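Q: Got a minute to go through this one with me? Let's start with how the parts meet.

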Amino acid sequence: MTNVVVVGSQWGDEGKGKIVDWLSERADIVVRFQGGHNAGHTLVIDGISYKLSLLPSGIVRPGKIAVIGNGVVLDPHALLAEIEKLGAQGVKVTPENLRVADNATLILSLHRELDGMREDAASNSGTKIGTTRRGIGPAYEDKVGRRAIRVMDLADMETLPGKVDRILTHHNALRRGLGEKEVSHEAIMQELTSVADRVLPFRETVWELLDKQRRKGARILFEGAQGSLLDIDHGTYPFVTSSNTVAGQASAGSGMGPGALGYILGITKAYTTRVGEGPFPTELKDEIGQFLGEKGHEFGTVTGRKRRCGWFDAALVRQSVATNGITGIALTKLDVLDGLDELKICVGYMLDGEQIDHLPASQGAQARAEPIYVTLEGWKESTVGARSWADLPAQAIKYVRQVEELIGAPVALLSTSPERDDTILVTDPFED
Ligand code: IMP
């Protein structure tokens, strides 16, 4: 028995929701360790659909502990709204089943506003990132700039006013520069005191909780958000999110030492999608891209934006296998490829007349890299709902085997529809 870390191996939206839900049923504790309410997934349990952005998936299952780790940036209003929404659906969120790290950074209204102001300003110059405008980046900036307000600060009215002054000195200078109205000390104090009583009951020394639970033999599931190619260091910078999304962050973002992380499961879509701006070498701007988008329902859960679609990029996923230390992958949405005459997989790139096997880190080179493809025959049969290898057409199996070989990691789970049971289980990550 081991713990499991789930990460996205592409640009997010790999179909983590279903797999995380399947795993969270087997887990005792489910931990979010990075990102914030920029994430979004829908869980369907017994016919009821739950939309989660900030809360870990385990929250909808009785008897589990859901944990928001220190690596998350937490918008208290979003948290309270999500708790209320779940409450209306009959899921009671209490300090028994939700713990929030007392050292997690808070997202304030000024972070959300700054995110929007910057994106608007950048739109005019064609340099926007296409963020979710939820204040994620600005909140992480304040964390690293050592002026953030953290969960525990809500309990200390002695030191809070000084911290508010400090963060405002920075933000008001920026706002003046952008020609925007300044924010008052009173407004931020009011914002914080209005949520303090409702957030503080959830506060926890998370590293200690996880240490105790680990020693007791609890199964811990770490639920990553976004994807490895959106990682602040390893992603397609600057078109990335502001956190480390790779598996190593499960340790730093929760306080559990890396030796106890266990199985690293990379959720991998059978083709590629991306929301927002940035390089995407295998993007298909033709009718095949359209086909994938429509059949795969490729619209963002958080912003409703249309996702860009393209062929599977094995060179990029091979990089994710390395940067995360992926033990095995969960391959999702194979059924979306049903009916295509032929399928392409990117195995490397041509850059300035030379063949290379990985996407370079430089923005300019990323924009110039041209994919090199291998072409496989497609299959006409439906793979929807397949629950064993025997249910799959020979060409589909060939495609999966080719993916495994090119990325250098085995398939542990293969998902063939949004339904929970439509999954081919090769390896149970908790039992590996
Ligand atoms: P931010 O995380 O809101 O700062 O957005 C930065 C980039 O990450 C943008 O390209 C977003 O579209 C992308 N992004 C953020 N969260 C997600 C997600 O959960 N799925 C897919 N893309 C995301």
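Q: How much area do domain 2 and domain 3 bury between them?
A: About 400 Å², 50% of it on carbon and sulfur atoms. Buried area is the accessible area (1.4 Å probe) that two parts lose on being put together, summed over both.

Q: Which three residues supply most on the domain 2 side?
A: Gly130, Thr132 and Arg134 supply 64% of the area that domain 2 buries against domain 3, more than any other three residues.

Q: And what classes of residue are on that side?
A: The side of domain 2 touching domain 3 has 1 nonpolar, 3 polar and 2 charged residues. Ala, Val, Leu, Ile, Met, Phe, Trp, Tyr, Cys and Pro count as nonpolar, Asp, Glu, Lys and Arg as charged, and the others, Gly among them, as polar.

Q: Is this model predicted or experimental?
A: Predicted: local features need pLDDT of at least 70, side-chain atom pairs pLDDT 80 or more, while totals for chains, interfaces and linings use all residues. Residues are numbered from 1 along each chain as its sequence is written, and side-chain values use heavy atoms, with hydrogens and water left out.

Q: How many salt bridges cross the interface of domain 2 and domain 3?
A: The rule (side-chain nitrogen of Lys or Arg within 4 Å of a carboxyl oxygen of Asp or Glu) finds 0 there.

Q: Switching to the ligand. Which residues are closest?
A: Asp13, Asn38, Thr132, Thr241 and Arg305, out of 15 residues that surround the ligand (a heavy atom within 4 Å).

Q: What are the classes in that shell?
A: The shell around the ligand has 6 nonpolar, 7 polar and 2 charged residues.

Q: Where do polar side-chain atoms of Thr241 and Arg305 lie?
A: One of threonine 241 lies 2.6 Å from an oxygen atom of the ligand. For arginine 305, a polar side-chain atom lies 3.0 Å from a ligand oxygen atom.

Q: Is the ligand mostly buried or exposed?
A: Buried: alone, the ligand exposes 480 Å², and the protein buries 95% of that (Shrake-Rupley method, 1.4 Å probe).

Notes:
Polar contact = N/O pair within 3.5 Å; in protein donor to acceptor, adjacent residues only side chain to side chain.
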